[in-house]
Amino acid sequence: MTIILNGDPHEVTRPLTVSELLAQLEIDSRRVAVEHNLVVLKHATFDDVVVHEGDQVEIVNFVGGG
Amino acid sequence: MDTFSIAGKTFTSRLIVGTGKYSSPSVMVKAHDASGAEMITVAVRRVNISDRTKESLLDYIDTSKYFILPNTAGCYTAEEAVRTARLGREAGLSNWVKLEVIGDEKTLFPDNEALLEATRILVREDFVVLPYTNDDPVTCRKLEDAGAAAVMPLGAPIGSGLGIQNPNNIRIIREFARVPLIVDAGVGTASDAALAMELGADAVLMNTAIAGAQDPVAMAEAMNLAVRAGRLAYLSGRIPRKMYASASSPVEGLVGR
């Protein structure tokens, strides 16, 4: 199935939790914030929120800025 | 000790610095140290999914030493800025945000209307909102009324290095503001930072003036000294400006008269 990850189509094999998605992407969940279908998620919900076909996911972190 | 507080949090350093445009992380770390800053700004951006080899900015920042202020740089609508602020809050450790809503690509001047709208929304969500704004006393007052924890008027366009273009406006904002006044953007060199402080700013925020200098670490030290010098001069009460000279040495007892 396809999800929209950071604006681009991304293939995953099945619906999966945000924690599972981050693990697949090898992203340290403590360092990022995640938005699921325009709702910003609390870190405590990463194990519970399930990403389905067509869902929009944004994963952001801090970069240099002024 | 001469300190200032924003939303109940007390700072000793009146210099706030950015993390953008540095040639390397190690130069940034040294510059931050030389600046004496306690608060540093960061931007919120999408993680690069295809290239996960890049290290995270936070690998280089000692968060026990520096207070992290996420910004909403690059946002052109209140909606985008609010969304980015919410993400910054979840990625970070606090509910503080340097709120930018840009209205024009070339000048990066703020969109006052959208800035006010975003400030109201974020204040309702218990954010500590530090809005980057025009050097307009009326806009600053409206932001304050909307619940902003500080007002951050620009000295000149972001990254321009033009210095304080309208010192009188900064002075008037100082007179009216009941929240901390932070001059944000436009500083080019140390004297610009000193002038901002002499006008009565509580603090100065800068990025390019340090990161873009030929020797960023030395410039960071210069800014550290300039902000302290300007603050001391402001507190000391400068002499009035006069049209003509006033001798410093006695006029009596001159030899040969």
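**Close-up 1. The contacts of N224(B) with residues far along the chain.** In this predicted model, skip the neighbours within four places in sequence and N224(B) is in contact with L15(B), A34(B), S35(B) and G36(B). Take G36(B): N224(B) and G36(B) are 188 residues apart in sequence, yet their C-alpha atoms are 6.3 Å apart in space. N224(B) itself sits in helix α8 of chain B. Is N224(B) buried or exposed? It's buried, because it has 22 C-beta neighbours inside 10 Å, and 20 or more is what it takes to count as buried.

**Close-up 2. M223(B) in helix α8 of chain B.** Here we're still in helix α8, which covers residues 216-236 of chain B. M223(B) has 28 other C-beta atoms within 10 Å, so it counts as buried. Setting aside the residues within four places in sequence, M223(B) is in contact with L15(B), S35(B), A190(B), A193(B), M206(B), A209(B) and I210(B). L15(B) and S35(B) may ring a bell: they're also among the contacts of N224(B). For L58(B), it's another story: M223(B) and L58(B) are 165 residues apart in sequence and 24 Å apart in space, going from C-alpha to C-alpha.

**Close-up 3. Where chain B touches chain A.** Chain B brings 26 residues to this contact, and chain A brings 21 residues. Which elements of chain B give two or more residues to its side? Those are β4 (39-46) and α2 (78-91). The largest share, 6 residues, comes from β4(B). Sort the chain B side by class and you get 12 nonpolar, 8 polar and 6 charged residues.

**Close-up 4. Strands pairing between the chains.** Zoom in on β4(B) and you'll find strand β7 of chain A (residues 56-64) joined to it by 5 bridges. How do these two strands run, parallel or antiparallel? They run antiparallel. For a spot to look at, try F62(A), which stands opposite V44(B) in β4(B).

**Close-up 5. Chain B, with the views above put in context.** Chain B has 8 helices and 10 strands. Its radius of gyration is 20 Å, close to the 18 Å that the globule rule gives for 257 residues, so chain B is as compact as a globular protein of that length. Along the principal axes, the C-alpha atoms of chain B fill a box of roughly 85 × 40 × 35 Å. Of its 257 residues, 45% count as buried, and M223(B) is one of the buried ones. Now for contacts in chain B with a separation of 6 or more: residues 24 or more positions apart account for 61% of them.

Note on methods:
Residues are numbered from 1 along each chain as its sequence is written. Chains are lettered from A and ligands numbered from 1 in the order in which they are written. This is a predicted model: local features need pLDDT of at least 70, side-chain atom pairs count only at pLDDT 80 or more; totals for chains, interfaces and linings use all residues. Helices (H or I, at least four residues) and strands (E, at least two) are DSSP runs, numbered from the N terminus. A residue is buried if 20 or more other C-beta atoms lie within 10 Å of its own, exposed if 12 or fewer, and partly exposed in between; C-beta atoms are placed from the backbone. Two residues are in contact if their C-beta atoms, placed from the backbone, lie within 7 Å. Ala, Val, Leu, Ile, Met, Phe, Trp, Tyr, Cys and Pro count as nonpolar, Asp, Glu, Lys and Arg as charged, and the others, Gly among them, as polar. Two strands pair if DSSP finds at least two bridges between them. The radius of gyration is taken over C-alpha atoms; the globule rule is 2.2 Å times the number of residues to the power 0.38.
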